[in-house]
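This report covers selected local features of one protein structure. The sequence and structure come first, and the description follows under short headings.

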Amino acid sequence: MRRDFYFPCFLACLSIVHWSHSALVRNSTSSQVSTRPRHGLGVKGQVLHRSKRGWVWNQFFVIEEYTGPDPVLVGRLHTDLDSGGGKIRYILSGEGAGTIFVIDEKTGNIHATKTLDREERAEYTLMAQAVDRLTNKPLEPPSEFIVKVQDINDNPPEFLTGPHHATVPEMSNVGTSVIQVTATDADDPSYGNSARLVYSILEGQPYFSVEPQTGIIRTALPNMDREAREEYLVVIQAKDMGGHMGGLSGTTKVTITLTDVNDNPPKFPQSVYQMSISEAAAVGTIVGHVKAKDPDIGENGMVSYRIIDGDGQDFFEITTDSQTQEGVIKLKKGLDFETKKFYSLKVEAANIYFDPRFVSRGPFKDTATIKISVEDADEPPVFSNSIYFMEVNESAPAGTTVGQVHAMDHDLGRSPIRYSIEPHYLDRAFTINAQNGIIKTAEPLDRELTEWQNISVIATEVNSQLQTSRAQVAIKIQDINDNAPEFAKPYEVDMCENAKTGKLIQTIHAVDKDESANGPRMTFSISPNPNFTITQSTGHTADIKVHRGAMSRRKQEVYLLPVVISDGGVPVMSSTNTLTIRVCSCSADGSVQSCNAEPLTLPAGLSTGALIAILTCIIILLVIVVLFVTLRHQKKEPLIVFEEEDVRENIISYDDEGGGEEDTEAFDIATLQNPDGLNGFLPRKDIKPELQYMPRQGFCTAPNSVDVDDFIKARLQETDCDPTAPPYDSIQIYGYEGRDSVAGSLSSLESATTDSDLDYDYLNSWGPRFKRLAELYGSKETCEES
């Protein structure tokens, strides 16, 4: 109501000012002197001349947003040449002339016909001129003047942007700047207080405040906690007229969010945690999770965990889950329920990042105790050793004890153990007692075949067949002196028949499959021999030498020398080995020329020339054979001809015609007497039947006087019952035509003499080629004539 009261008063004051100004203009105009010159006396009789201005007025003003019933008088134009009487006409031109501004042609009064808005246009430039009404000649030169639109407070302040969002750290000091908001006013800032703005806060106290002149929002309370309240809504008002009564205002909203700082330490929700894990759990198994709560967010809420004390530090470890910020407790080392059943850990949770401003609040960490109990699990039995080493002598009798393995169930039940050997062990040279684990030999062993035997023993709980464990047993076969030494390889020696006494023929080497402990030195010997001697050289070698020289090949070509080799073991083992010595012919320098016996057995009279003659004859015979074979190939005749004739190509032609159906001389009636056909068996004709068919009684060969029809029927029945009869599709020859058929004769030989409905006269028109056919099958008359 106050605004409705003051605004008319304000308009009334402006109108008074305007009318006062217009009266002043009129008075000054009416008091103007004429533009014509006047003469007066000056100093020392001089005449002074003073010229008058043709147009005089001040700048015109018009108030905006005037809504009165009559047009607003802007001002009045007047010239000193206007003496009244209506002889002068005033003309107005320029911006808005005739539309917004109109002029009275007689009086020169200018009125505004429309409501003006300074915010749209602040001033108008017009041109005024006075002309003679009768002659329309200008009395004064045109004069330009400006009409300014005077501002009123008709535009409220506006916030061009918004709503606004701002952030400020929690726990900020009082007066911390948050954001600045700015409003604009379309009114004239140079005239009055219409555009002078003042900011105030309507909503958001007592947490925030705003500076009245700048619009800067600041914190108003200390220790604002994000964990208690994170977001605030602040409403800011901008009011013109310097904030006084009657001013216009505008508002905007600002949402202020408190950002997090690390002002809260992590805290375990409980001081003691209870967990459990089975003793059979594998390393790396997760035991449990713990989490220290931190109200802060982001990096301020990140927590790291570590074990700082406890008897389980060697068996457990803790890691941090970066996603959930939990402490994950894992098994670090295998557990044994029978050894230790409970463990205790002291875990610390601490912030990774901290703010020095809040160090005074205390350490940003917390601790908790974790008690872990170990649960008993049904574990497999455990061997006293993971690998067993045993020994046994070779050739030990079956059933000899080798050793014993032992396994035990450490569970509370203490299940009995059953022992067995891995089924994959195929040699089966050992057995094991299922109750006590004693291993024995199952057969004699041979160290020279296998020095080590490896077996796998299985221990199984009797109460739980699934609980098994394995242990490796390595058995070494102890050596005994059970192998005699022998030659390292078979020896065959060539010696010259003219070898001298003491000549070294061969150095022989011996080997013993037993270990050196059972035969450290070997002894070589031969029976007394007039031709050779043996000398021991080292523990494993001996030299064979000539005892008597000048041996004759013709007398003896090969000598078999037995060598006895004995070892030094207990008991002593020996073997006899044979050395083969061939006597050869040698040259004077001792090189072997020949060791073969053929040259010695050739006849004395067979010379080299005879041998060449024999070879020449053999070569000539071979040449003859080759030439003979070549000639036979040129003639393309095989040496031996084997021609296979196809029976189907052996066609035999006869020149006699035969006697027809009555001629029975050309075939044997016995072909109709087929004694085959029993049980429906029909063998092939090209193979000999396995069973010979014996004619049955009652089916004898009929005499020639018997009726052939009855004979054929009898033979037909006999053939149907004969298993050795020929197939059904074979051709049978019968010498009997049979009786007349009820269907008549099928022959066409007599068709020419019988009546026929066919007409073959058209054959006469077919030309000479069908003349013979026309004569044979022509009309009846033609046939008779012919």
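## Basis of the description

Helices (H or I, at least four residues) and strands (E, at least two) are DSSP runs, numbered from the N terminus. The model is predicted, so to speak of it here, local features need pLDDT of at least 70 and side-chain atom pairs count only at pLDDT 80 or more, while totals for chains, interfaces and linings use all residues. Residues are numbered from 1 along each chain as its sequence is written, and side-chain values use heavy atoms, with hydrogens and water left out.

## A loop proline

Pro189 sits in the loop that runs between strand 11 (177–180) and strand 12 (198–203). Buried is taken as under 20% relative accessible area, exposed as over 50%, and partly exposed as in between (1.4 Å probe, protein chains only). Pro189 has a relative accessible area of 66% and is therefore exposed. Its C-alpha atom is separated by 9.5 Å from that of Asp151, and the two residues are 38 residues apart along the chain.

## A four-stranded sheet

Two strands count as paired if DSSP finds at least two bridges between them. An open sheet of 4 strands follows the order 17-23-22-19, and its pairing is mixed. Strand 17 (272–278) and strand 19 (303–310) are at the edges; each has a single partner strand, so one side of each lacks a neighbour in the sheet. From one strand to the next, the twist averages 30° (axes are lines fitted to C-alpha atoms, for helices over the stretch in contact, and angles run from 0 to 180 degrees between N-to-C directions).

Strand 22 (residues 342–351) and strand 23 (residues 365–375) run antiparallel and are joined by 9 bridges. Ala350 stands opposite Lys365 of strand 23.

## Salt bridges

A salt bridge requires a side-chain nitrogen of Lys or Arg within 4 Å of a carboxyl oxygen of Asp or Glu. By this rule there are 14 salt bridges. One of them links the side chains of Arg226 and Glu227 at 2.9 Å, N to O. Arg226 is buried, with a relative accessible area of 9%, and Glu227 is partly exposed at 26% relative accessibility. The side chain of Arg226 also meets that of Asp260 in a salt bridge (3.0 Å, N to O). Asp260 lies in the loop between strand 16 (249–259) and strand 17, and Arg226 in the loop between strand 14 (216–219) and strand 15 (231–239), so this pair ties together parts that are 34 residues apart in sequence. Asp260 is buried, at a relative accessible area of 13%.

Glu492 forms a salt bridge with Arg582, and their closest N and O atoms are 3.2 Å apart. Glu492 belongs to strand 34 (residues 492–496) and Arg582 to strand 40 (residues 574–586), so the pair ties together parts 90 residues apart in sequence. Glu492 counts as exposed at 57% relative accessibility, and Arg582 as partly exposed at 25%. Through shared partners, salt bridges join Arg226, Glu227 and Asp260 into one network.

## Helix 4 and the loop after it

Helix 4 (residues 708–720) has 13 residues and should span 18 Å at 1.5 Å a residue (1.5 Å times one less than the number of residues); its end C-alpha atoms are 18 Å apart, which agrees. Its buried residues are Asp709, Phe711, Ile712, Arg715 and Glu718.

Trp766 lies in the loop between helix 4 and helix 5 (771–777) and is partly exposed, with 46% relative accessibility.
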